[in-house]
Amino acid sequence: MKKVVTVIKGDGIGPEIVTETLKVMDVIGVQYGHEFKYQEIAAGGAGIDACGKALPEESMEKCLDCDSVLLGAVGGPKWDQVDPKNRPEAALLGIRSGMGLYANLRPAKLFPQLAEASPLKPSIVAQGIDFLVVRELIGGVYFGNRYTREIGGQLVATDEMTYGELEVERIARVAFDTARKRRSKVTSIDKANVLDSSRLWRKVCERVAKDYPDVEFENMLVDNTAMQIVKCPSQFDVVVTENMFGDILSDEASMITGSIGMIPSSSLGKGTRGMYEPIHGSAPDIAGQNLANPIGTILSGAMMLKYSFDMDEEAAAIEAAVNAVLDDGYRTGDMMSEGMKRVSCSEMGDLIAAKLKKA
Ligand code: NAD
C-alpha cells in the first residue's frame, strides 16, 4: 500500500519523538511492502516562527490532502506572549475542526512492566487498567460562544456549552462500535443532574444503546467517574463523554497508568483519515536533550496503521516490539526504576526498530 502522511514535528521534544516514530514506520514499510510518503509541514510555534501563523494555510491544505496526520507536540514558553488566537495550540483546534475530527480516542492502559510507576495502590493496579476514553472533540464549551461583559461595575465572563442530538449520536456510535472490538461495555459520562446539555447527552446515548443490545451500557455522573477511575479503574472498558469532561478525565486516566510519555491518541472523523499524536505536550524542560520517551508517539503511529490504514497486523507488530523492549528492561528517564537500563530517546527508537527487524 502507498500512504501519504502529513507530519507535524512541532515544538520542544516534537522533532525528537517524531523522528523515532518515522524510523519505526520505515521498518514496517520495508517488512510489509508499504510505501509511506511523508510531507512535513510547519504548525504551532514552528509555524509562527516560519511565517507568523500557528496554522499557515498551506499547512492546513496538506492536512486535508493526505491519508493521515502524525503530530509530535506544539507549544512552549517562547510563544506564551503571542495573541491568544494565534497561540501554537490554536493550530490543534484549527486542524481538528478543519479536518472534522470529532472523536478522540485515548487508551488508558497500564503496561505491566511499568506497574510500579502507577500512583495507585498495588492491589488496585493488580486488577488491571485497560480502558479507552472516547471524547467528543469539536463541540461543547470549548467551541461555544464566549464573551466578557461589564455588568454592574464588574466584569462577567460567559462560556456556552451547546450540544445537538446529531453531534451526540455520532460520538456515541463511535463508542459502541469500538466497544464491540473490545470488552463490549460502554459507560457514558455526564452531569445530567445539573446540566441541560447533559440531559440531552444522556437521552441520545440511551437511544443509541438500544441499537447495540450486545453491548453493556451504563450512565455515570462525571464527579463519580473522577472517583471511580482511581478507586476501581478495572470496571471501565469504553468511556464516552463530551469535550471538557473528556479533556479532564483522560488526563486523570493517563496519570494512573504511570507515564505520560507512553500514551498515544487518535482523532477521527468521517472516513478513515485521522490525526495521531501522543497525549503529552512539548516538554520544553527536556527538549533538545535526547531524553524524551518516544513510545507514546510510536504507539500513535501504530494506531494510525490500525484505524486509518487497516493494517492491524503491522500495528500489533509495533505494540509487540514495544512490549519486548520493556521486557528487556530498557527505560527512558521518565519511567526509569531501579535495576533497569536507562536509554535515550534515539536509543529507544533504535531498540524498537531492531526488535521489529528481528521479528
Ligand atoms: P508536557 O506534557 O509537555 O510536560 C509535562 C511533564 O511531563 C514535563 O515534566 C515533561 O518533561 C514530561 N514529559 C512529557 N512528555 C514526555 C515524554 N515524551 N518523555 C518524557 N517526559 C515527558 O506538559 P506542559 O509542561 O504542561 O506543557 C508544555 C507545552 O506543551 C505547553 O506549551 C503546552 O501548551 C503544550 N501542550 C501541547 C500539547 C499538544 O501538542 N497536543 C498537549 C499538551 C500541552
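How do the residues lining the second largest pocket divide into nonpolar, polar and charged? Nine are nonpolar, six polar and seven charged. Keep in mind that this is a predicted model; the views below start with the ligand and come back to that pocket at the end.

**View 1. The ligand and the shell of residues around it.** Here 20 residues surround the ligand, and the closest are Val-74, Glu-89, Gly-281, Ala-283 and Asp-285. Sorted by class, the shell has nine nonpolar, seven polar and four charged residues.

**View 2. Polar atoms next to the ligand's oxygens.** Zooming in, a polar backbone atom of Gly-76 sits 3.0 Å from a ligand oxygen. Ala-283 also uses its backbone, with an N or O atom 2.8 Å from an oxygen of the ligand. Asp-285 brings in its side chain, where an N or O atom is 2.8 Å from a ligand oxygen. The protein buries 68% of the 810 Å² that the ligand exposes when taken alone.

**View 3. The largest pocket, about 530 Å³ in volume.** Its lining counts 18 residues, with Pro-107, Lys-109, Arg-182, Lys-306 and Glu-319 nearest the centre. At least two residues each come from β4, β5, α10 and α11, and α10 gives the largest share, five. Class by class, that's 10 nonpolar, two polar and six charged.

**View 4. The second largest pocket, with about 450 Å³ of space.** Of its 22 lining residues, Leu-92, Arg-96, Arg-106, Glu-277 and Ile-279 are closest to the centre. Elements giving two or more residues to this lining are β3, α4, β4, α9, β11 and β12.

Note on methods
Residues numbered from 1 in each chain as written. Predicted model: local features only at pLDDT ≥ 70, side-chain atom pairs only at ≥ 80, totals over all residues. Heavy atoms only, no water. Near = heavy atom within 4 Å. Polar contact = N/O pair within 3.5 Å; in protein donor to acceptor, adjacent residues only side chain to side chain. Areas by Shrake-Rupley, 256 points an atom, 1.4 Å probe, with all protein chains shown as cover. Nonpolar A, V, L, I, M, F, W, Y, C, P; charged D, E, K, R; others polar. 1 Å grid on protein atoms, 1.4 Å probe; cavity = no way out; pocket = protein on both sides within 12 Å on 5 of 7 lines; lining within 4 Å. Points joined across faces, edges and corners; volume = space filled by probe spheres on them. Helix = DSSP H or I, 4+ residues; strand = E, 2+ residues; numbered from the N terminus.
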